[in-house]
Amino acid sequence: MGDKRVLLIVGGGVAAYKALLLTRLLRKAGIGVRPILTKAGAEFVTPLSLAALAEDKVYQDLFSLTDEHEMGHIELSRSADLVVVAPATADLIAKAANGLAGDLASTTLLATDKPVLMAPAMNVRMWLHPATQRNIATLKADGVSFVGPDEGVMACGEFGPGRLAEPEEIFAAIIARLEDRPARPQDRPLVGKRALVTAGPTFEPIDPVRGITNRSSGKQGFAIAEALAKLGAEVTLVAGPVALPTPVGVERVDVETARQMLAASQAALPADVGVFVAAVADWRVDETFGTKLKKEKGGPPALTFVENPDILATVSATGPRRPKLVIGFAAETDHVEDHARAKLARKGCDWIIANDVTEPGVMGGGENAVLLITKDGTERWDRAAKDEVAAQIAHRIAQALA
Ligand code: CTP
């Protein structure tokens, strides 16, 4: 990495201090950092601290005679292997998406012929605003890649997606991007394909404060949605109640109950592939109580259960609107392959990805050991992190839809 150089555009925001930490990580790894500090950015970090950590001059002004004398803005925009924007504010993102060039940062983004990586940071409402999401989609289509934003408590006191990714996370994304050349069409084989993914548990209410749910973390489903989007698919992720950030470029629909999940899944059709990862509650109580059940009122309540709709089986049987490839998951505790193969037939799907949930770290954890069961046979995949499993599944889907 010794000969690599990053042009780091630092936008305004409380999180701008993380750009200093990022600069230090990059310099420690021997990567050159040439900083551009926006006017808003300079309200949060000083040019002096940025210059000291970068060990380079900080460029701030489009019309500065000295800056232009030393290095013109066109040359500046091409003087690095990668352009990184951190924090990428809603304003910088909007300017870049629309090709505006009124200041040094936006001019550089418009003039560069180098790959661009953005780390967004903004208030949760600004992030979720359709205008920002539209701009992100435009930039993605232009080949810009993103890291974060993360979800959490924000400086403004609100909670949700919008926090700048941690410096280590941005650093890792930079390294990956520096090693990897910009995405070529063959790296995005799912462009033009639509995918539906269900993820997480469902929550079936009993009374206003209680309900039936399970321990599914949603991680595997979210990772699959992200992996499909990375390969270029247009992804709708129907998510049960989980506190996970929405993967970039994925359209997320939040639901609670199995019936809501079914309706949202049907609304997401037509799709080329459906991946049903959600751990749907098999039963719900036939009648929910409008007020909180009280202990004193005659002992434990007698609850009657009714079966929930089977989303996978219903979508598998939707006739002409059925996705070409329907994939179910099977969480099993015993006779994994036999039960999963029976499920393949019962649910009318094309593949079942089976996992043994008695293995430590699978349910709610970060890893998965899976069997891929198709009509033609069974493959046993090595145990791997959930995002690696997701990448492998996404590649297999791309092959199958090619
Ligand atoms: N599934 C679904 N809707 C349901 C139940 C399950 O879409 N109401 C889907 C899951 O998303 C998964 C697959 O069906 O892709 C298998 O889920 P699993 O819970 O293993 O199967 P069940 O049908 O519940 O079978 P069993 O509980 O008997 O193992």
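## A word before we start

Two residues are in contact when heavy atoms of theirs lie within 4.5 Å. Please keep in mind that this is a predicted model.

## The chain as a whole

Let's begin with the overall picture. The protein chain has 402 residues, and 50% of them count as buried. Its secondary structure is made up of 14 helices and 21 strands, and the C-alpha trace spans about 80 × 55 × 40 Å along its principal axes.

Among contacts with a separation of 6 or more, 67% come from residues 24 or more positions apart. On the outside, the chain exposes about 19,100 Å², with carbon and sulfur atoms supplying 54% of that area. As for charge, there are 45 positive and 50 negative side chains, and the centres of these two sets lie 2 Å apart.

## Two nonpolar cores

The largest nonpolar core holds 38 residues, and those with the most contacts inside it are Val-197, Ile-224, Leu-228, Val-235, Val-275 and Ile-397. Several elements each give at least two residues to this core, including helix H10 (219-230), strand E11 (234-239) and helix H14 (386-401). Strand E8 (194-199) and strand E13 (273-276) are also among the contributors.

Leu-228 is a good residue to look up in the structure. Leaving aside residues up to four places away in sequence, Leu-228 touches Leu-190, Ala-195, Val-197, Ala-233, Val-235, Val-275, Ala-394 and Ile-397. Apart from this core lies another, of 30 residues, which include Ala-19, Ala-119, Leu-164 and Ile-175.

## Helix H6, wrapped by its neighbours

Helix H6 covers residues 104-111, and seven of its eight residues are buried, so the helix is largely enclosed by the rest of the structure. The buried ones are Leu-104, Ala-105, Ser-106, Thr-107, Thr-108, Leu-109 and Ala-111.

What covers them? Strand E1 (5-10), strand E2 (32-37), strand E3 (82-88) and strand E4 (116-120) are part of the cover. Helix H4 (73-77) and helix H5 (90-98) are part of it too.

## A parallel sheet

Strands E1 to E4 turn up again in an open sheet of five strands, which runs in the order E2-E1-E3-E4-E5 with parallel pairing. E2 and strand E5 (145-146) stand at the edges with a single partner strand each, so one side of each has no neighbour in the sheet.

At the E5 edge, E4 and E5 pair in the parallel sense over two bridges. You can find one bridge partnership by looking for Met-118, whose partner in E5 is Phe-146.

Notes. Residues are numbered from 1 along each chain as its sequence is written. This is a predicted model: local features need pLDDT of at least 70, side-chain atom pairs count only at pLDDT 80 or more; totals for chains, interfaces and linings use all residues. Side-chain values use heavy atoms; hydrogens and water are left out. Helices (H or I, at least four residues) and strands (E, at least two) are DSSP runs, numbered from the N terminus. Buried means under 20% relative accessible area, exposed over 50%, partly exposed in between (1.4 Å probe, protein chains only). Accessible areas come from the Shrake-Rupley method with a 1.4 Å probe; for residues, only the protein chains shown count as cover. Lys and Arg count as positive and Asp and Glu as negative; His and the chain ends are not counted. The place of a charge is taken as NZ of Lys, CZ of Arg, CG of Asp or CD of Glu. A nonpolar core is a set of buried Ala, Val, Leu, Ile, Met, Phe, Trp, Tyr and Cys residues joined through side-chain atoms within 4.5 Å. Two strands pair if DSSP finds at least two bridges between them.
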